[in-house]
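Hi everyone, thanks for coming. I'd like to walk you through one protein chain today, so please have a look at the sequence and the structure before I start.

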Amino acid sequence: RFPYEQDISTVSQQIYGLYAQDTVDMSDRWKTELGLRLDGYNFQIPTQAGAPPQIGAVAHQRLYEPHFDLSYTPDPRDTIRFGFGHTLSVPLPSQLGADVSTLPYQAYMHIPSYDNTTGLPAQYCGPHANQACASYGDQLYWLTRDYRFGASTLEAPLVGATFTNVDLSWAHEFKDGAALKITPFYRRGYNVIEQTASIIGFNFDTGTPVFGNVQYSNLGIQKASGIEMLYNRERPLGLSMQIGATYISQFGNEPPGAFLQPAALALGETYRSPDLSPFQMNAAFNYKTIKGWRINPVIGFNVGYPYGGGYYTAVYCNGIPVIVPNTALSVIYSQTPGYIDPLDPGSCTKPNIAATRGIHEPGLPGGLLTTPRVNADLTLEYSPPSGRLAKSTFGLQVQNLFNQLYNVPVVNGCYGSPVTTGLTNGTAPCTFATPQYAPPDGTAHGSQPYLTYPNEPPISFRLYYQVLI
């Protein structure tokens, strides 16, 4: 029986900051704010003898960050503002220093190590899996650690990412007290921490990719531009509202639904950020009556989230990173949109594609958008304006009013026999529940190229009573 695994954090963190700021009124209409901030951190990374933390980091880092704002007020109801800032993103302790505790293996520390393939003491301990194991407990520790984190180490310790932000806004106050603000913006990230992993196989039953060791680096980048709009109107009675809308075009190194391939990072390829919808809107309405009723719907809308495996992928051909069609020459097994001719496969950069999965994959991963969605929450309240219950509030809260359950689609690795006639066959060719290459199991896997799962929180109701003491 293998001892249980106990993960531990080996890092203590100290964060410090210091800033100075001054506001200069150059005239009745022009104002500027100048600031300089010092951000820094110290990592205290203890190490076990012969077992350094799996993910290292620079122990000390600091950055002087300039901030600048310039505002112009052409009239009492309008303000135009320009802003610039540069900031440091401190790495989280969870991103580094992770290790496996040796406590579960203490009982085996006095037992000699043993390699059943050679009949001799084990020789695969240490950070590079090339050292003699001091004991059976040491052997179990390194087997667990290499399984958990992989045997690779960083070429350079991680540093914190930095970001440059630029924005320009116009704010206007209407005669009825409502306000509108429009802000175009740009953000650029440098030295972003990225994780890469290569596909080393696939699960025969589900088609899910199996990834190799995860590598960390500061080679990531992030670019974002867009525009925000915020409208606000407050009323003591009647209808108040706050409406916000954002268009954002953000690209980074993380492909939707999969690990970043090492060749893609080497090429500097960027993808639509999977956690951001290009356009989303949120509206909160609050309607109050003189008789104590309050109706508060909160509505959210988005045009969809990026997904899709992509028609192209990044691979190494003869040690050189290149972009090629995604076929079994570059990614083994049936998740690839293109199937090569096994008798005439072509070359790494020019594969001979004889068939496809029968679905349209635009460009790189993330070229598709999910179905637009409207989410809503609703709160109804009644507060008696007078009488013995004047300090009481009775309410009903409904969350996920439209019962939107389905999440972002994921690639169905068990979809589609090769299509050579233009007809899509929605069977599951990669299901090997028994012997390899057994007949497809159509009940285990859907006949769609992408699967969606109803794993979002369902509609819920909450009745509540509040009293003012």
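**A tour of the chain**

Of the 469 residues in the chain, 36% are buried. Please keep in mind throughout that this is a predicted model. The chain contains two helices and 26 strands. If we take the contacts between residues at least 6 apart in sequence, 65% of them join residues at least 24 apart. On the outside, the chain exposes about 26,300 Å², and carbon and sulfur atoms supply 58% of that area.

Let's go inside, beginning with the nonpolar residues. As a reminder, in soluble globular proteins nonpolar side chains tend to be buried together. Which residues form the largest nonpolar core here? There are eight of them: Val100, Tyr105, Ala122, Cys125, Cys133, Leu140, Tyr141 and Trp142. Helix H1, which covers residues 136-149, gives the largest share of this core, with three residues. Apart from that core lies another one, made of seven residues, including Phe43, Ala57, Leu88 and Ile193.

Now to a single residue, Tyr41. You'll find Tyr41 in strand E3, residues 30-44. Is Tyr41 buried or exposed? Its relative accessible area is 0%, so Tyr41 is buried, the cut-off being under 20%. Setting aside neighbours within four places in sequence, Tyr41 is in contact with a list of residues that includes Gln14, Ile15, Tyr16, Leu88, Val90, Pro91, Val159 and Gly160. Also among those contacts are Val58, Ala59, His60 and Gln61. With Gln61 there is a polar contact between the two side chains, at 2.5 Å. And have a look at Arg62: its C-alpha atom is 6.5 Å from that of Tyr41, although the two are 21 residues apart along the chain.

Next, His86, which sits in strand E5, residues 78-89. At a relative accessible area of 17%, His86 also counts as buried, because that value is under 20%. What lies 3.2 Å from a polar atom of the His86 side chain? That is the backbone oxygen of Phe163. Phe163 also appears among the contacts of His86 beyond four places in sequence, together with Thr162 and Thr164. The other residues on that list are Leu63, Glu65, Pro66 and His67.

Strand E5 comes up again when we move to the surface. A nonpolar patch of about 400 Å² is made there by Ile80, Phe82, Phe84, Leu168 and Trp170. Which strands each supply at least two residues of this patch? They are E5 and strand E7, residues 161-173. E5 gives the largest share, three residues. Trp170 has its place in strand E7, and with a relative accessible area of 32% this tryptophan is partly exposed.

Let's finish with charges. Side chains of opposite charge can pair when their charged atoms come close. How many salt bridges does the count come to? The count is five, and I'll show you three pairs.

The side chains of Asp39 and Arg37 meet in a salt bridge, with N to O at 2.9 Å. Asp39 is buried, at 14% relative accessibility, whereas Arg37 is partly exposed, at 31%.

Then there are Asp69 and Arg81, whose side chains meet at 2.5 Å, N to O. Asp69 lies in strand E4, residues 60-75, and Arg81 in strand E5, so this pair ties together parts that are twelve residues apart in sequence. Arg81 is partly exposed, with a relative accessible area of 28%.

The third pair is Asp176 with Arg235, where the closest N and O atoms are 3.4 Å apart. Where do these two residues sit? Asp176 is in the loop between E7 and strand E8 (179-196), and Arg235 is in the loop between strand E11 (215-233) and strand E12 (238-252). The pair links distant parts of the chain, 59 residues apart. Asp176 is partly exposed, at 40% relative accessible area, and Arg235 is partly exposed as well, at 25%.

One last point before the discussion: salt bridges that share partners join Asp69, Arg81 and Asp167 into one network. Thanks for listening, and I'm happy to go back to any part of the picture.

Note on methods
Residues numbered from 1 in each chain as written. Predicted model: local features only at pLDDT ≥ 70, side-chain atom pairs only at ≥ 80, totals over all residues. Heavy atoms only, no water. Helix = DSSP H or I, 4+ residues; strand = E, 2+ residues; numbered from the N terminus. Buried < 20%, exposed > 50% of the residue type's maximum accessible area, 1.4 Å probe, protein only. Polar contact = N/O pair within 3.5 Å; in protein donor to acceptor, adjacent residues only side chain to side chain. Contact = heavy atoms within 4.5 Å. Core = buried A, V, L, I, M, F, W, Y, C linked by side-chain atoms within 4.5 Å. Patch = residues over 30% accessible without salt bridge, like charges linked within 9 Å, V, L, I, M, F, W, Y side chains within 5 Å. Areas by Shrake-Rupley, 256 points an atom, 1.4 Å probe, with all protein chains shown as cover. Salt bridge = Lys/Arg side-chain N within 4 Å of Asp/Glu carboxyl O.
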